[in-house]
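Biologist: I am new to this structure and would like a close look at a single part of it, followed outward into its surroundings. Please choose the place where you would begin, and take your time over the details.

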Amino acid sequence: MTLQAVLDDLSKRPGSGEVIPIINPATEETITEFTDCGPEAVDEAAARAKASFESGAWSQLPGRERAKVLRRIGQLIDEHAEEFAQLDSLNTGMPLMQAQLQMSTVSEFFRYYAGWCTKLNGVAYDVKTDGIASDAYVDMHAYTLKEPYDVVGLIFPWNGPIFNASAKLAPALAAGSSLLVKPAEETPLSAVLLDRLIHEAGVPEGVVNLLTGYGHTAGAAITAHPDVEKAAFTGSTEVGKEIVRASADNLKKVTLELGGKSPVLIFDDADMDKALLMAPLGIFVHSGQGCVCGSRIFAQRGVYDQVVAGISTMANTFKLGAPSEEGCVSGPLISHKQLTRVMGFIDEGKSDGVEVVTGGYRLGRKGYFVHPTVLTNVDTKMRLYQQEIFGPVVTILPFDDEDEGVALANDTTYGLAATAWTQNVGRAHRMLKRLHAGSVQVNCQLVFDHDVPFGGHKQSGWGHEFGKEGIDIYLKTKSAWIQL
């Protein structure tokens, strides 16, 4: 499917709302436009999804048959990997190599969850219950059934479109649900191609329903719809709270993967060569537009100056550029709106006396480029310290001992990821227990595996994706009783 075919497909999709432009963030030029689908399209899609679920065309298909289709989707993604990479690179501004590297991970989501299709089993119990009419015990056989939620709304963000789409679609399809799927309005291109391949692989009509539009229109209609039994969302904490409120009318179940303000602790016994490579990569890759980016770095006082100098040097070494530019490590911010947000935090920090060690400005070229920014002399009560910026901005603060470092790291409403750099084995294990986050890594950053669950604590989310937990969130438990 060529780029033009994707653009034609998107532009021809029916809609009743505003016309939404898709902007190339590296050039600020319009790629194409499409019409917001509007609430009526959500109603129609929900009706199709409910009918497809009740028909059993997918939900009652034997697990081994669903598995064949998921494996076929994975195969088709591999066959179209370069097209997906080109679409996400164009749409988000991420370097093409980064977009290409993620594709094996994307297709593996479908192969991995294909393996779970035949393992959605409950548990059997032989129990003796108290008799109602006599003192005698009654023999019972009980067991649990795992059943899919019927209609599920999947809403995913712009910072990793095909990755996030696949991370949700694969387990939800493996469970047997019918789906309403909404990509971010900024980045729908790869979702259009994925939707076509899903149907080509054999998913019946009505099971996967792609909806394109704004979050406050299409997204809000999905999360509030009475026929949507569950919603799964990746995005900001602010929008996550809105989804919780919208879900209240029918008490739909909600899975949320939300924001982060992830701490990175660098102790004076760390492998500094490795730490000073990975810590800056952990915040400046994709211009800081990642929920797990380590945006708060804490360096033990003995290595504080070395850490500030090392990370600042790396910030000035990373080449920013458009996806097609040779050697670029990071690209632009996604939109003018995001550029304004990031620069607003930086300018506010400058007014409050923050020291800008390097960066702190927009590049003098077309595109939404912000130079990787290192800030010191930061008060922990400042807005830029407490709130997720989602840009290439890092604060570096000193600490004296382990207790102070942990206290600083945990002093946040977020709890998505945390990292500690130390060669002390005892301290490493203490950090794994003491840092308040859903994912804690020692002497590594940005690691991932399909088999390992991922989710946030505190205001960084509800529930876990990936691994067995990643399919459990799309399954209901029913208890069954038989008197013997």
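Modeller: I would begin at Glu257, which the UniProt annotation "active site" covers, in an entry that is unreviewed. Please keep in mind throughout that what you have in front of you is a predicted model. Glutamate 257 belongs to strand β9, which spans residues 253–257. Is this residue buried or exposed? Its relative accessible area is 7%, and because anything under 20% counts as buried, glutamate 257 is described as buried. When neighbours within four places in sequence are set aside, glutamate 257 has contacts with Phe233, Thr234 and Gly235, with Cys291 and Leu416, and also with Phe454, Ser460 and Glu465.

The strand that holds this glutamate takes part in an open sheet of 6 strands, whose order is β7-β6-β5-β8-β9-β19 and whose pairing is mixed. At the edges of that sheet are β7 (208–210) and β19 (461–462), each of which pairs on one side only. Further along the order, strand β5 (residues 151–155) is joined to strand β8 (residues 230–234) by 4 bridges, and the two run in the parallel sense. Within this pair, leucine 154 faces alanine 232 of β8. The residues Phe233 and Thr234, which touch glutamate 257, fall within the range of β8, residues 230–234. The sheet also has a helix laid on it: α2 (residues 38–55) lies across β5, β6 (178–182) and β7, and runs at about 155 degrees to β6.

From here we can move to the other sheet, an open one in which 7 strands follow the order β12-β13-β14-β11-β10-β16-β17, again with mixed pairing. Its edges are held by β12 (355–358) and β17 (439–442), and since each has a single partner strand, one side of each is left without a neighbour in the sheet. On average, and with direction ignored, neighbouring strands in this sheet are turned by 25 degrees against each other. The edge strand β12 is joined antiparallel to β13 (residues 373–376) by 3 bridges, and in that pairing valine 356 has leucine 375 of β13 as its bridge partner. Helix α12 (residues 304–317) packs on this sheet, where it touches β10 (263–266), β11 (296–300), β12, β13 and β14 (393–399), and its direction makes about 170 degrees with that of β14.

Strand β14 deserves a moment of its own. It is mostly covered, with 6 of its 7 residues buried. On one flank, 3 bridges join it to β13 in a parallel arrangement, with valine 374 standing opposite valine 394 of β14. With β11 it pairs in the parallel sense as well, over 5 bridges, and there arginine 296 has threonine 395 of β14 for its bridge partner.

Outside the sheets, several helices pack against one another. Two packed helices are described by the angle between their axes and the distance between the axes. For helix α15 (residues 402–410) and helix α16 (residues 425–434), the angle is about 30 degrees and the axes are 11 Å apart, and the two are therefore roughly parallel to each other. Their crossing is right-handed. The residues that make this contact are Glu402, Asp403, Val406 and Asn410 on the α15 side, and Arg427, Arg430, Met431 and Arg434 on the α16 side.

In another pair, helix α3 (residues 63–79) packs against helix α6 (residues 103–114) at an angle of about 170 degrees, with 7 Å between the axes, and these helices are therefore roughly antiparallel to each other. Among the residues that meet there are Leu70, Ile73 and Ile77 of α3, and Val106, Phe110 and Tyr113 of α6.

Helix α4 (residues 81–92) contains serine 89, a residue that is buried, with a relative accessible area of 3%. Leaving aside neighbours within four places in sequence, serine 89 is in contact with Met94, Pro95, Leu96, Ala99 and Pro323. The axis of α4 also comes within 8 Å of that of helix α8 (residues 189–201), crossing at roughly 155 degrees, and α4 and α8 are therefore roughly antiparallel to each other. Their contact involves Glu83, Phe84, Leu87, Asp88, Leu90 and Asn91 of α4, together with Leu189, Ser190, Leu193, Leu194 and Leu197 of α8.

Methods
Residues are numbered from 1 along each chain as its sequence is written. This is a predicted model: local features need pLDDT of at least 70, side-chain atom pairs count only at pLDDT 80 or more; totals for chains, interfaces and linings use all residues. Side-chain values use heavy atoms; hydrogens and water are left out. Two strands pair if DSSP finds at least two bridges between them. Axes are lines fitted to C-alpha atoms, for helices over the stretch in contact, and angles run from 0 to 180 degrees between N-to-C directions. Contact means heavy atoms within 4.5 Å. UniProt positions are given in the numbering used here, feature names are shortened, and annotations may be inferred rather than shown by experiment. Buried means under 20% relative accessible area, exposed over 50%, partly exposed in between (1.4 Å probe, protein chains only). Angles under 35 degrees count as roughly parallel, over 145 as roughly antiparallel, 65 to 115 as roughly perpendicular and the rest as oblique. A crossing is left-handed if the near helix is turned anticlockwise from the far one by less than a right angle, and right-handed if clockwise.
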